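Got your viewer open? Let's take a short walk through the model, one selection at a time.

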Amino acid sequence: LFLSHPGEHLDGVISARRFVNWYNGHPDYSQQNQAHINLDGVKNVVIVGQGNVALDCARILTKQTDDLNQTDISLVALN
């Protein structure tokens, strides 16, 4: 679902659905899309939205890898 905002189809712009399914290890979003969600070197992120999903995305993005190792996050997302 896109919001018709300029730039929403640029590289590095992903939907919350895709991001959440990727870090949760959903089979449709894990190995085949791993290269498209590469957070190496990312320093700034903008989350457009509100509510639980937006907070979940922010929570995952602000945690250190060591903290996430203690959760049930997908190994694809941790590597």
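In which hand of crossing does H1 pass H2, left-handed or right-handed? Left-handed, a label used when the near helix is turned anticlockwise from the far one by less than a right angle (clockwise would be right-handed).

Before you click further: this is a predicted model, where local features need pLDDT of at least 70 and side-chain atom pairs count only at pLDDT 80 or more, while totals for chains, interfaces and linings use all residues. Residues are numbered from 1 along each chain as its sequence is written, and side-chain values use heavy atoms, with hydrogens and water left out.

Select H1, residues 16–23. Helices here are DSSP runs (H or I, at least four residues), numbered from the N terminus. Phe19, Val20, Asn21, Trp22 and Tyr23 are buried in H1, meaning under 20% relative accessible area with a 1.4 Å probe, protein chains only.

Now add H2, residues 52–62. The two helices, H1 and H2, pack at about 50°, axes 10 Å apart; axes are lines fitted to C-alpha atoms over the stretch in contact, and angles run from 0 to 180 degrees between N-to-C directions. H1 and H2 are therefore oblique to each other, the term for angles outside under 35 (roughly parallel), over 145 (roughly antiparallel) and 65 to 115 degrees (roughly perpendicular).

Next, show Tyr23 alone. Leaving aside residues up to four places away in sequence, Tyr23 touches Asp56, Cys57, Ile60, Ile73, Ser74 and Ala77, with contact meaning heavy atoms within 4.5 Å.

Last stop: just after H1 comes Gly25, with a positive phi near 80°.

Note on methods
Buried means under 20% relative accessible area, exposed over 50%, partly exposed in between (1.4 Å probe, protein chains only).
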